[in-house]
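Reader: Hi! I would love a close look at one small part of this protein, with the cut-offs spelled out as you go.

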Amino acid sequence: MTDKDTTATDTAQRPPRENRRQLLAWALYDWANSAFATLITTFVFAAYFTRQVAADETVGTNLWGNAIAAAGLLVAVAGPVLGAIADQGGPRRSLLAGFTLLAVAATAGLWLVRPETAYVPLALVLVAVGTLAAELAVVLYNALLPVLATPSRIGRWSGWGWGLGYVGGVACLALALFGLVRPDAWLDLPRDQAQHIRATFLLTAAWYLVFSLPLLSFRLRQPGQGKPVLRAAADGLRQLGRTLRQVRRYAVIARFLIARMLYVDGLATLFAFGGVYAAGTFDMSEEQVLMFGILLNVTAAAGAVLFAWLDDLRGPRATLLLALSGLILAGTAVLLVESRTWFWVLGALLGIFVGPAQAAGRSWLARAAPDELRAEMFGLFALSGKATAFAGPLLVGWVTWLADSQRVGMGVIILFFTLGLLVLLTVPEQRPAATE
């Protein structure tokens, strides 16, 4: 073999160079959609709904749990189908843009929800639609990670994306707090109909839209793209059927997805009820809930970034096991303390383990998924996060109502973390590729 042939072979085997502009645009999407997760489903709107829109906090918690569960069930059904359609050449970019814009529109519509029980149905429908659209967009977004990042840096980019997302959540929360919510806010809005709180929903919609534009604006060329929608849908459904019939072929991925199904249900329930718990059990005001949300996002961002290096060094499974152990210990302590000071301290500690628990799961599947089934696998990834998503919120809602105690109800979350860790112990590590 000549030197020229050797050089050509080495070049062919070398992974493609990263496009930093595209990767930064990809990571910025985490920054964009984190505003929805932080202000709408976790802290501001969740607390506003249960305390000011619903008849009382117990009824509000139950209704909120039902709405989040319904949206999760729809994501569980639609996510794998959407991923299969994308893998079969569907209009991936248009679908990503369409679901993103639908989530933005639903978020902006929450401005119409006034602090009256008559607006309960509108609030629940808009939250469910927004959650569904945002989650389906993330299916397509996650599948781009192994396309854009080199194998040895998947863990880092996944962690950096989550970290940037948490920083985005902090920034949007801070802007909402100082710009709209505080008594001395920069924009002095009337408060008789909670306009200062409702304006944060418009802020969230604008944030989501503006910072999504960089990702939505670039064109990523992938083989097999450009099929008509109906043909891609038919091919995608057939491919999904084949994958499900051959599940034993993907037994390792299946076990991982079961583990993720359990621990992500715990995380999703924590996000859905974090603000509700802070407001109800510790009698925090909207302003205090926002401050706690900022603290939680800061520590979660730090955890996601720091653990990203461990992901590429030791592997995503090891990172997940450490993160879940921390969530179980810190989460249990949070439910036992009665001091508001200790709640803040332990809540900050809990946040450190939230980021890597999310980022390492994404990087594990990015390494394990077959190239030709990548979006479909991330659709199943969404399914694993939503198949039992109704269970966590539903159980917390009903246990809270039956026990008349938010502390008892939130204990369900620790159970999901523990079960997820036990199943994850049966899953082999996905070793990072050698550094280029």
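Is T50 buried or exposed, and what is its relative accessible area?

Author: Happy to help! A word on the basis: this is a predicted model, where local features need pLDDT of at least 70, side-chain atom pairs count only at pLDDT 80 or more, and totals for chains, interfaces and linings use all residues. Residues are numbered from 1 along each chain as its sequence is written, and side-chain values use heavy atoms, with hydrogens and water left out.

T50 is buried, with a relative accessible area of 2%; buried means under 20% relative accessible area, exposed over 50%, and partly exposed in between, using a 1.4 Å probe and protein chains only. T50 sits in helix α3, residues 44-53. Helices here are DSSP runs of H or I with at least four residues, strands are runs of E with at least two, and both are numbered from the N terminus.

The side chain of T50 has two backbone oxygens to look at. A polar atom of that side chain lies 3.1 Å from the backbone oxygen of A46, and a polar atom of the side chain lies 3.2 Å from the backbone oxygen of A47. Both can be read against the definition of a polar contact: a pair of N or O atoms within 3.5 Å, where, within protein, one must be able to donate a hydrogen and the other to accept it, and residues adjacent in sequence count only if both atoms are side-chain atoms.

Setting aside residues up to four places away in sequence, T50 touches D56, E57, G60, T61 and V276. Contact means heavy atoms within 4.5 Å.

Two of these partners lead on to G280. E57, which touches T50, is also in contact with G280, as is Q406, once the neighbours of G280 within four places in sequence are left aside. T61, another partner of T50, is 219 residues from G280 in sequence, with 9.8 Å between their C-alpha atoms. G280 belongs to helix α11, residues 251-281, and counts as partly exposed at 28% relative accessibility.

Now for the wider setting. The protein has 17 helices and 0 strands, and buried residues make up 57% of its 436 residues. Among contacts with a separation of 6 or more, 85% join residues 24 or more positions apart.
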